[in-house]
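Here is the note you asked for, written for someone opening this structure without earlier acquaintance.

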Amino acid sequence: MLNRIEAYYDAVPRSSARAEDFGPLTFFVREGADGWPFYARPTLGRTGGVSVADVERVRARQRELGLPEAFEWVAETSPGLRAPVAASGLVVHAHPLMVLDGDPLPVPEPAHAVVRTVGAADPRLADAVAAPYAAFGATAGPDDARRVGDRIAAGLAVLAAGFDAASGEALAGGQHQPVGDVTEVVGVGTRPDARGRGLGLAVTAALVADARERGIGLVFLTASDASVERLYARLGFRTVATALIAEAPEPSAAPESSAAPEPSAAPAS
């Protein structure tokens, strides 16, 4: 199972990024000015260790391109990577990696809401894309909706959203991104003013149902923390490994008299 997930992690960025070879590490560089700024990760099928110098070479390339200094990997399949990544000065965060066996467990339908998939030509596409961005404290723009629509049309992503039954406004959304017989549920989020209604679980259940209808056997996701892990367990997901995400430490806090912009955030895609 973890080998299939590793192959997925290597394959999914290649639809919109080029892979740069750094020996034991591969850095995925987005093509074009828009799109998700990808990460570096262990080179698929490569054996042997990773040194601090290997990590620093990748970080230098990320800085050269003006991209985030980010690494993602699975602890159980690359146990020797955490030490050199941390020694290079990056901050490593651990998250539960969860898979679903069979169909999702039933969850209550959210009151006064309709949950459905959203096509590339759907008039509510932009609204559905914007809802999870708002959940992460960010704002989606026209380019984000266009990019997601293009990926849906190409079969690279499926978008589901929860809509207010009265107004039709999108309250929650998320995606799954199929590659062959594997897919990952990503970017599920509910607007702050609509939380507590079960919309996130309902959206996730809709995404899993779509994946099963497509004949996808392995559905997985990464939970942000233990509380979210317990939430997805209600759908039948179980924790099988630990996803590690490394990023540069946040800059020191600015003096109170200085105006500092808040860090941006966006759902993964």
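The points below deal with one strand and its partners, and then with one pocket.

1. This is a predicted model, in which local features need pLDDT of at least 70 and side-chain atom pairs count only at pLDDT 80 or more, while totals for chains, interfaces and linings use all residues. Residues are numbered from 1 along each chain as its sequence is written, and side-chain values use heavy atoms, with hydrogens and water left out.

2. Strand 7 covers residues 158-164, and 7 of its 7 residues are buried (under 20% relative accessible area, 1.4 Å probe, protein chains only; strands are DSSP runs of E, at least two residues, numbered from the N terminus). Val158, Ala160, Gly162 and Asp164 point one way, whereas Leu159, Ala161 and Phe163 point the other way, and all are buried.

3. Strand 7 pairs (at least two DSSP bridges between two strands) with strand 6, residues 113-118, in the antiparallel sense over 6 bridges, and valine 118 stands opposite leucine 159. Strand 8, residues 170-179, also runs antiparallel to strand 7 and is joined to it by 6 bridges, with phenylalanine 163 opposite alanine 170.

4. Between strand 7 and strand 8, which form a hairpin, there are 5 residues, and glycine 168 in the turn has a positive phi of about 80°.

5. The lining of the second largest pocket divides into 7 nonpolar, 7 polar and 2 charged residues, where Ala, Val, Leu, Ile, Met, Phe, Trp, Tyr, Cys and Pro count as nonpolar, Asp, Glu, Lys and Arg as charged, and the others, Gly among them, as polar.

Technical notes:
Buried means under 20% relative accessible area, exposed over 50%, partly exposed in between (1.4 Å probe, protein chains only). Helices (H or I, at least four residues) and strands (E, at least two) are DSSP runs, numbered from the N terminus.
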